[in-house]
Amino acid sequence: MQVNHRYFPHTKKDIEEMLTIIGKNKVEELFESIPKSKLLNEELDLPSSLNELDLYKKLEDIGNLNKRLVSFLGAGAYDNYTPSAVKAIASRQEFLTSYTPYQAEISQGTLQYIFEFQSLVCELTQMDASNASMYDGATATVEAIFMAVAHTKREKVLIANTINPNTLEVIKTYLKYKNIEIVLVESTNFLVSLDDLKQKLDSDIAAFVLQTPNFYGYLEDIDVKDLLEANKSLYIVNAPLCDLAVLKSPGEMKADIACGEAQSMGLSLSFGGPYLGYLACKNFLLRKLPGRIVGLTNDIEGRRAFVLTLQAREQHIKREKASSNICSNQSLMALQVLLYAMLMGKNGLVNYSYDSFNKAHYFYNELLKLDNFKKVTDNEFFKEFVVMYTGDIEKLNNELLNNNILGGLNLEKISNELKNQMLLCINYTKTKEEIDNFINIVRGIK
Amino acid sequence: MSEVRKDLKYLDTHEWVKLDGNIATIGISDYAQHSLGDIVYLELNQVGDKVSYKKSFAAIESVKAASDINSPVTGIVVEVNESLMDTPELINEDAYSAWLIKVEITDESSLSGLLNAEEYTTICK
């Protein structure tokens, strides 16, 4: 602390002056409230500095410890391919280096791509209005619940227990501090129970939250809109944006709010993201839609102009009265997802979805031909499914890992009732050879 | 100079109330609409909802502010001025004819707390 350091702005003289003013002799005295037993009474064991070349080589060596794995794991995080054009366009400095536009309307380019992202979300979800994006699918679901609570002035939500457990954890964390009660709706055979929903629906329920395809990969195809509407409760559907190219959209399910994850549209899986949430709603909830919303209008000379709309009211004027104070969005990630969709095109998104579907079903059928894999349900799935493995799942996954394959999720970690069951996922990124290789390795395990 | 109607009662938070038997018709004052500026959005409660004296029952947004609207009386909403939902600017045109809700008063004890036109005028200065 006494040595002048190139990165610390305070000189020895500065520090002495400050100590004199506050009446201390040594900097260490500032930390006297920390128990002595908790202090590190020795020098930090750090290696000495390296020059750039040596550092590069060292990091390369560390990097080479990574295994390149073929992933058959999903459960909310999906291996996918980012076309190089997406990265090339998104890394243009006009996009990459521009921080959030505080004088928003000056940044017409930024507002335009946000507007186009919103249009993409609306088209895929079949909803009326979308915001500029959220951090991830879990926080988007939380904001959807806040919207429903603010709209209905009720403080209880029903959530299908087939939702991703990580999403549920995030919801619990947020709702705890808003005194909003969560009631889980039970499921049978990996699908939410309509009977249990009917039983738990009462006049305190703000909304019912349903994820489809659900955490186990199965399509939750139930018609609950009339039931909820009669109870004046809102219907929130959480669905991966990418899958909506072919699956029934939240709009078609008559949801009031759609939310979910968009990671599988060209975003990587590096250390948990960054992920991207989306949030869209019917027009009657527009005033409750948090975050930024970009609108299209004409300026006084009649030229097309993109503007931030309603947002000023929510965050700058309503302040503590707003239903949410979230101001951020994942702009660069939203841009990448938009570029992915634009470059893939409508046909691309649909064709790759069918490819994922076909490969997942081929994989599923091949697995069931093996003696040690058993069917657990006949439910419809898209690219993710549950199977029973008669052996030890941990051993299986270790053997796969030795062959550079990332196996499925051992569902016993989620629930004791799901012993010997695993969740597997594959999509268009896998080849038939990779699938057959998986099958052959499993066949070889005694 | 904003208009203060002699035949109405007021809250210090700029709501007016017209008492007719046990039915109270509620709106915001001319002074309030002036202060808010162009009103663009109104969020009202529904028929059957309970309202309480000096407690918020609605929210109003203008181009420059968002405010709660408080109830001058305690009771149950019996009518809502639905036409304002699509045309909240009617409040700017005539704050005293653009009523928001009608309430059946269930507790008269708070009525004595209302301001008369003269008292309210001093607040608006």
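In the predicted model, a network of salt bridges links Lys153(A), Lys288(A) and Glu43(B). Within this network, the side chains of Lys153(A) and Glu43(B) meet at 3.9 Å, N to O. Between chain B and chain A, the count of salt bridges is 3. Strands E4 (39-43), E6 (56-62) and E7 (66-70) of chain B each supply at least two residues of the side that touches chain A. Polar contacts between the two chains number 2 residue pairs, both at pLDDT 80 or more.

The contact draws 12 residues from chain B and 8 residues from chain A. About 850 Å² is buried between the chains, and carbon and sulfur atoms give 47% of this area. On the chain B side, Glu43(B), Glu61(B) and Ala66(B) supply 47% of the area buried against chain A, more than any other three residues. Glu43(B) thus appears both in this trio and in the salt-bridge network.

Over all chains, the whole structure holds 24 salt bridges. Several lie within chain A. One of them joins Lys225(A) to Glu229(A), with N to O at 3.6 Å. Both residues belong to helix H9 (residues 225-230) of chain A. They sit 4 residues apart, about one turn of the helix. Lys225(A) has a relative accessible area of 8%, so it counts as buried, the limit being under 20%.

A second pair is Asp299(A) and Arg303(A), whose closest N and O atoms are 2.9 Å apart. Asp299(A) is partly exposed, at 27% relative accessibility.

A third pair is Lys413(A) and Glu394(A), with 3.9 Å between the closest N and O atoms. Lys413(A) lies in the loop between strand E16 (409-410) and strand E17 (421-425), whereas Glu394(A) lies in helix H12 (residues 393-402), so this salt bridge ties together parts of chain A that are 19 residues apart in sequence. Lys413(A) is exposed, with 61% relative accessibility. Glu394(A) is partly exposed, at 35%.

Helix H13 (residues 432-443) of chain A was examined for length and burial. At 1.5 Å a residue, its 12 residues should span 16 Å. The end C-alpha atoms are 16 Å apart, which agrees with that expectation. The buried residues of H13(A) are Ile435(A), Phe438(A), Ile439(A), Ile441(A) and Val442(A). These residues cover an arc of only 165° around the axis, so they lie on the same side of H13(A). Their cover includes helix H11 (331-368), strand E13 (373-375), H12, strand E15 (405-406) and E17 of chain A. H12 therefore contributes to this cover and also carries Glu394(A), the partner of Lys413(A).

Note on methods
Residues are numbered from 1 along each chain as its sequence is written. Chains are lettered from A and ligands numbered from 1 in the order in which they are written. This is a predicted model: local features need pLDDT of at least 70, side-chain atom pairs count only at pLDDT 80 or more; totals for chains, interfaces and linings use all residues. Side-chain values use heavy atoms; hydrogens and water are left out. A salt bridge is a side-chain nitrogen of Lys or Arg within 4 Å of a carboxyl oxygen of Asp or Glu. Buried means under 20% relative accessible area, exposed over 50%, partly exposed in between (1.4 Å probe, protein chains only). The expected span of a helix is 1.5 Å times one less than its number of residues. The arc is that of the directions from the helix axis to the C-beta atoms. Contact means heavy atoms within 4.5 Å. Buried area is the accessible area (1.4 Å probe) that two parts lose on being put together, summed over both. A polar contact is a pair of N or O atoms within 3.5 Å; within protein, one must be able to donate a hydrogen and the other to accept it, and residues adjacent in sequence count only if both atoms are side-chain atoms.
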